[in-house]
Amino acid sequence: MTAIVAAVRAPIVANRRLIAAVTFVAFGLIDILIFGLFSHKGDATFAFSLFGAKVTVPSLHVPARPVTYALGIASVLIGVARATVTESKLLKRLSIAAVLLFFVLAMLLWSDTGSWADGIPINVITLMQGTLAASIPLILGALAGCMGERSGVINIAIEGQLLLGAFTAAVVASAVGVLWLGLLSGSLAGGLIGAMLALFAIRFLVDQIILGVVINLLISGLTGYLYDRLLVPDANTYNNASTFSTVKIPVLGDIPVIGPIFFDSTIFLYITYAAIILVQVGLFSTRWGLRVRAVGEHPSAADTVGINVLGIRYRNLILGGMLAGIGGAYLTIGSVGTFSKDMSSGLGYIALAAMIFGRWTPLGATLAALLFGFTTALGSFLGSITVPISPFILGMAPYVATIIAVAGLVGRVRAPAADGKPYLRE
Amino acid sequence: MSDDPGGVPAGSGQDQGGTENPRPGDGPASPASPADPAGSAGAGGDAAASGPAGSADDQGDASAERGLGRFRGLDRAILDAIIHGSPTVVTILAVISALVLGALIIAFSDTAVLHAWASFFSAPGAAISAAWQSIASAYSALFEGAIFNPHTVAAAFHGGSVGAIFYPLSETASEATPLVLTGLSVALAFRAGLFNIGAASQWIGGAIVVTYLGFAVSLPPVIHVIVCLAGGFAGGAVMGWLVGDLKARTGAHEVIVTIMLNYIMYDLLSYVLDTPKALQLPHQANLISPNIAADAQLPHVGGPPPQVGVGFLVALAAAAGMWWLLERSTTGFEFRTVGANPSAARTAGMSVQKTWILAMLLAGGLAGLSGAVTIQGSFYSLNFQSYGTYGIDGITVALLGRARPAGVVLAALLFGALNAGGPVMEAATSVPIDIAEVIEGLIVLFVAAPPLIRAVFRLREARGSGMEAIAKGWNG
């Protein structure tokens with residue numbers, strides 16, 4: 001069996017090096033031929049301070065065209081190196097990161113020197129704050145996915161968990177008037193879907209991919225129905241929540257550049273930090289995590305040594321659902337305050353993609369989610385300086401980048417061995 | 001092979017049946033058995049099973065069973081199916097359960113009903129009748145919008161249009177048409193072991209090509225229709241091929257690629273509808289394309305009010321074609337083998353990669369055809385209203401239809417009925433149309449969970465019902 005599987009994968013692995021190299025070179029050529037050739041003369045400005053900040057950091061002026069060429073040439077060289085030299089795992093990952101970073105920098109340099117930019121600097125802090133804000137629901141959703149799938153249950157219902165979390169948080173926070181209760185109930189709503197997922201997947205053995213798709217449909221219908229039936233007629237009572245205000249962490253929040261980006265935000269960002277650390281450390285450095293991974297890879301072996309397979313799966317799905325529920329609550333009481341129909345708008349599916357992209361690890365999923373968040377923030381920045389590209393074409397960029405990354409750099413990923421398979425004791 | 005995962009447990013059960021006393025209801029609880037002649041129905045499985053068990057001692061038992069078999073007529077076979085919860089029975093019970101739950105949601109989100117229930121203990125009759133009133137008015141409006149409205153018959157006697165009687169049914173068929181095709185698209189990919197979430201992107205791919213061919217090219221009448229349909233298929237097929245090719249060449253998971261393509265194509269659709277040089281209707285601020293030429297539109301069968309268009313026939317033909325492909329052709333056999341076990345397929349000399357590419361290409365083509373019949377058959381113009389939600393709904397249709405062509409058609413008709421009745425219900429009773437989505441979700445959920453339905457309705461353990469092995473985990 002293993003031999004056959006190895007035979008199936010062999011040609012793909014052999015191609016991998018070449019495909020990755022070609023992808024790198026392609027990115028480099030785009031840097032040179034598009035962003036370099038079409039960039040205007042002059043400097044792009046990167047600003048590192050918010051308006052009215054106490055300590056200001058001087059802005060950075062970068063000559064656009066030469067630097068763009070340099071970035072492109074560097075990417076091509078990395079690609080050539082990738083094809084000829086056998087690199088360690090760490091180097092491979094660093095090279096991916098470097099090429100993507102160069103690409104984004106080249107794009108920013110090109111966009112900020114055009115006549116349309118009109119001397120508006122690229123505010124790195126705003127861009128990063130936007131990135132983190134857009135990433136919060138994605139990260140929490142992707143962590144929920146990791147929790148479930150590491151224990152062997154596929155969770156496609158992240159979308160539904162986000163949506164119901166958003167709905168419940170908005171309704172509870174406006175009806176009761178206490179934001180914390182909104183957060184708590186949003187989290188519980190996500191957990192409830194986790195429990196439903198677990199019940200149907202584990203007790204009734206429903207195919208887990210079907211289950212997730214159906215739960216998403218169900219939650220979309222249910223929240224849409226209740227929105228029209230209850231929230232619209234009585235919006236002041238049920239759909240008029242306030243939002244969490246930002247909390248600046250003492251000392252850390254005062255650090256220039258880093259402070260306003262990472263330590264001056266709503267409670268949701270801090271919960272996200274805690275969740276990333278807890279899930280990453282928990283899964284890979286604790287006895288609990290070892291058990292979870294054992295259940296996800298080889299449940300019958302885990303059962304033999306006395307691990308409660310089904311109990312772990314139930315618990316993980318519910319806890320993961322609670323995380324995704326918080327991510328959903330962020331969409332309403334963390335940012336806009338009111339619920340609108342289907343407001344998760346596919347974020348759950350992007351979180352799913354981020355989890356797969358991150359190879360089922362919390363840190364990897366977080367980085368992938370940040371990438372999506374960054375492209376969202378970048379899109380709104382480019383929109384604000386009215387770059388001469390249709391906003392719809394700009395909107396495609398993150399998804400095209402994902403396909404290129406998944407096809408060219410990540411390739412075949414391996415899920416936990418027992419992922420998606422119900423466990424029945426012999 | 002993968003067609004009947006229950007075959008193995010059923011077989012072992014029959015072996016025991018051959019040696020023990022005949023147990024009631026030991027016959028095969030498949031939908032096919034009612035169609036068998038009375039003599040062989042029910043007992044057929046047992047008699048066949050005594051063959052392998054095969055010693056002279058068993059002869060008596062076997063003949064006794066045959067004797068019993070004579071008493072097992074059609075009614076008995078039906079009873080068997082019900083007691084054991086055959087797939088058909090489970091599906092019917094799932095629909096009923098979903099409608100009951102939907103009714104409860106309708107009743108208990110109605111403020112009038114909630115007021116009546118607040119004084120339940122002083123006036124229980126009023127509370128119950130208020131709930132009943134709420135449910136009955138919503139569901140009868142749904143029924144009238146989807147299937148049959150009694151008023152139209154009365155009107156026909158007083159000089160009204162006879163065609164109006166069939167209007168709701170034709171609306172249902174019209175709503176079902178694109179769903180049949182996107183459902184087939186997802187189902188075909190399922191059978192080859194691929195999860196096509198990208199029917200929406202393939203729909204757009206087909207629809208853009210069709211719209212362009214429809215208004216920018218002039219061709220003779222019939223040829224124009226055919227060229228547009230073919231263009232729609234090709235547009236969707238390119239999108240599907242991209243997914244299959246990326247998976248085959250680089251191992252990129254089709255779920256990620258199709259999700260991303262859905263977003264990309266959605267943006268592309270916005271772009272072409274926003275660009276006057278592309279597909280936008282001239283002098284328009286809205287995102288809408290010009291109408292396609294009259295030559296390119298699909299004709300209706302029997303005049304406008306019954307809107308059963310040729311599109312519906314195209315969808316049925318596609319279903320028949322897919323059935324032939326899967327069940328009668330070598331290619332289809334390869335699809336099913338790769339879907340069931342790629343390693344075994346490779347060992348048997350099949351090219352798994354080629355199968356993936358071809359399956360995604362055809363699946364994409366079917367979804368593109370769905371775009372074609374939507375544009376050519378009912379909307380005539382490409383915009384976000386005609387885009388609808390056919391791509392995502394195709395997944396649920398395929399799941400409810402158990403990835404079988406005939407099942408997909410029936411599931412699409414059911415969802416088409418809910419979609420056709422929904423607006424009528426919303427207009428008549430102000431129950432939001434989203435309840436149709438809830439009911440659809442509940443139906444698929446219950447169909448996917450036969451053990452739940454059996455537990456609720458106290459059915460015995462059945463073999464081989466449910467949707468086992470349609471979809472698989474990420475590594476499959």
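Colleague: How many residues does the contact take from chain B and from chain A?
Modeller: The contact takes 46 residues from chain B and 51 residues from chain A. Two residues are in contact if their C-beta atoms, placed from the backbone, lie within 7 Å. Keep in mind that this is a predicted model, in which local features need pLDDT of at least 70 and side-chain atom pairs count only at pLDDT 80 or more, while totals for chains, interfaces and linings use all residues. As for labels, residues are numbered from 1 along each chain as its sequence is written, and chains are lettered from A and ligands numbered from 1 in the order in which they are written.

Colleague: Which helix gives the most to the side of chain B that touches chain A?
Modeller: That's α12(B), with 11 residues. Helices here are DSSP runs of H or I with at least four residues, and strands are runs of E with at least two, numbered from the N terminus.

Colleague: What makes up that side of chain B by class?
Modeller: There are 28 nonpolar, 11 polar and 7 charged residues. Ala, Val, Leu, Ile, Met, Phe, Trp, Tyr, Cys and Pro count as nonpolar, Asp, Glu, Lys and Arg as charged, and the others, Gly among them, as polar.

Colleague: How do you know where the predictor's confidence in chain B is under 50?
Modeller: Look at pLDDT, the predictor's confidence in each residue, from 0 to 100. It stays under 50 over residues 1-65 of chain B, and also over residues 464-469. The mean pLDDT of chain B is 79, and 79% of its residues reach 70 or more. The model itself scores ipTM 0.82 and pTM 0.82.

Colleague: Why is B:F333 called partly exposed?
Modeller: A residue is buried if 20 or more other C-beta atoms lie within 10 Å of its own, exposed if 12 or fewer, and partly exposed in between, with C-beta atoms placed from the backbone. B:F333 has 16 such atoms, so partly exposed is the right name. This residue belongs to helix α14 (residues 330-340) of chain B.

Colleague: And why does B:R402 count as buried?
Modeller: B:R402 has 21 C-beta neighbours inside 10 Å, so it counts as buried. You'll find B:R402 in the loop between α18 and α19 (405-429) of chain B. Its phi is positive, about 55 degrees, although it is not a glycine.

Colleague: What about A:W360, buried or exposed?
Modeller: Buried, because A:W360 has 23 C-beta neighbours inside 10 Å. A:W360 sits in the loop between α14 (347-357) and α15 (362-384) of chain A, and its phi is near 60 degrees, again a positive value in a residue other than glycine.

Colleague: Why do you say that α20(B) is largely enclosed by the rest of the structure?
Modeller: Because 15 of its 15 residues are buried. Its span from first C-alpha to last is 21 Å, close to the 21 Å expected. That expected span is 1.5 Å times one less than the number of residues.

Colleague: What is the largest nonpolar core, then?
Modeller: A nonpolar core is a set of buried Ala, Val, Leu, Ile, Met, Phe, Trp, Tyr and Cys residues joined through C-beta atoms within 7 Å. The largest has 237 residues, and those with the most contacts inside it are A:L143, A:A354 and B:A359. A second, separate core has 19 residues, including A:A20 and A:F103.
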